Amino acid sequence: MRVRLQKALSQAGVASRRAAEKLIAEGRVSVNGATVREMGTKADPAADDIRVDGRRIKAAERLRYILLNKPAGVVTTRSDPQRRPTVIDLLAGVREYVYPVGRLDYDTEGLLLLTNDGDLAAALTHPRHGVERTYEARVAGMPDHEALERLRKGIPLDGKRTLPAQVVLLAKGPAKAGHYVREKRDSVLLITIREGRNRQVRRMLEAVGHPVDKLKRVKIGPLSDRMLKRGEWRDLKADEVRALKKAAELGTRNPEPGTIRVRRAGASPRATSAR
Ligand code: URA
């Protein structure tokens, strides 16, 4: 995005806006090789080569929080050695280096968060915080009371029991209002877990004799969006980001969306100023 040069310099942590104006007036700032003295000049810090005294300023990066409705048949990664479609391919127009928080299997669809906010990503994926994720699972057969109780209490996977889960049977056997059941003997469950173990929901349901036919994540902590179409994405609203940070126990120590972070070689991203 093109912004006034003094704003670009202050956002990059080079100088205050007033000091930046002085640098410009003194002819010490160049854009794409040309010295700029005009105060209203605009430039794009992400695309243009902006220099002060010949030294290039680091690109500032806006914090982005993106909610994607991932379709099945897409890999949750930034790049896939097998060249399958990735979640990043779906984010047309997003220039920031966002990455997925956690993972949905290739075959799983539903809500996926992507961000360049490393603090929030780390907090959300830390097992200690136990942010809940809810999945809608269409399974073979009709789980009975005992199977549902086993899922709720925890299933041993790889020698370690899963944490207690919330499980609600939405539709059993033939379709009920609002829930598509493909076969007469399929059922639909809502299952909420607090861990992110590999293929956890699929393995839990397999373990109780009801393999998953279709899996969709419908909620991440406080986030849900039934209106977001498959393959579409949107930026989170400021109150959603706040709610997410609260769920991840980051509280208000973290900067608000729109905060600019400057990447410095060899250092982790640092918050500089809020817009
Ligand atoms: N559990 C699974 O089995 N798969 C997912 O993609 C997410 C949770």
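Helices and strands here are DSSP runs, with at least four residues for a helix and at least two for a strand, numbered from the N terminus.

**Whole chain**

Start with everything shown as cartoon. This is a predicted model. Six helices and 19 strands make up the protein's secondary structure. Colour by burial next: of the 275 residues, 46% are buried. Now switch on the surface. Its accessible area is about 14600 Å², and carbon and sulfur atoms account for 49% of that. Contacts reach far along the chain: among those with a separation of 6 or more, 62% link residues 24 or more positions apart.

**The largest core**

Select Leu-91, Leu-114, Leu-151, Ile-191, Met-204 and Leu-205. These have the most contacts inside the largest nonpolar core, a set of 30 residues. Then bring up the elements that each supply at least two of its residues: strands S8 (65-70), S10 (109-115), S11 (133-140), S15 (186-193) and S16 (212-220), together with helices H4 (145-153) and H5 (200-207). A second core is separate from this one and has 18 residues, including Leu-63, Leu-113, Leu-228 and Leu-236.

Centre on Ile-191. Beyond residues up to four places away in sequence, Ile-191 touches Arg-133, Thr-134, Tyr-135, Ala-165, Gln-166, Val-167, Val-201 and Met-204.

**Thr-134**

Step across to Thr-134, one of those contacts of Ile-191. Thr-134 lies in strand S11. It is buried, at 10% relative accessible area. Which side chain makes a polar contact with the side chain of Thr-134? Show sticks and look at Thr-192: the polar contact is 2.9 Å. Outside its neighbours within four places, Thr-134 is in contact with Leu-190, Ile-191 and Thr-192, and also with Lys-216, Arg-217, Val-218 and Lys-219. Add Arg-194 and draw a C-alpha to C-alpha distance. The viewer should give 8.9 Å, for two residues 60 apart along the chain.

**Strand S8**

Select 65-70. All six of the six residues of S8 are buried, so the strand is largely enclosed by the rest of the structure. Turn it to check both faces. Tyr-65, Leu-67 and Asn-69 are buried on one side, and Ile-66, Leu-68 and Lys-70 are buried on the other.

Now find its partners. S8 runs antiparallel to S10, joined by six bridges. Asn-69 stands opposite Leu-111 there. S8 also pairs with S17, again antiparallel, over three bridges. On that side, Leu-68 has Trp-233 as its bridge partner.

**Helix H6**

Move to residues 238-247. Which residues of helix H6 are buried? Pick Glu-240, Val-241, Leu-244 and Lys-245. These four cover an arc of only 135° around the axis, which puts them on the same side of H6. An α-helix has 3.6 residues a turn, so residues three or four places apart point the same way. Show what lies against the buried residues of H6: they pack against S8, S10, helix H3 (118-125), S16 and strand S17 (233-235). Just past the helix, stop at Glu-249, where phi is positive, near 65°.

**A four-stranded sheet**

Finish with an open sheet in the order S3-S2-S5-S6, paired antiparallel. Strands S3 (34-35) and S6 (55-56) stand at the edges with a single partner strand each, so one side of each has no neighbour in the sheet. Zoom in on S2 (residues 29-31) and S5 (residues 50-52), antiparallel strands joined by three bridges. Label Val-31 and its bridge partner in S5, Ile-50.

Terms used. Residues are numbered from 1 along each chain as its sequence is written. This is a predicted model: local features need pLDDT of at least 70, side-chain atom pairs count only at pLDDT 80 or more; totals for chains, interfaces and linings use all residues. Side-chain values use heavy atoms; hydrogens and water are left out. Buried means under 20% relative accessible area, exposed over 50%, partly exposed in between (1.4 Å probe, protein chains only). Contact means heavy atoms within 4.5 Å. Accessible areas come from the Shrake-Rupley method with a 1.4 Å probe; for residues, only the protein chains shown count as cover. A nonpolar core is a set of buried Ala, Val, Leu, Ile, Met, Phe, Trp, Tyr and Cys residues joined through side-chain atoms within 4.5 Å. The arc is that of the directions from the helix axis to the C-beta atoms. Two strands pair if DSSP finds at least two bridges between them. A polar contact is a pair of N or O atoms within 3.5 Å; within protein, one must be able to donate a hydrogen and the other to accept it, and residues adjacent in sequence count only if both atoms are side-chain atoms.
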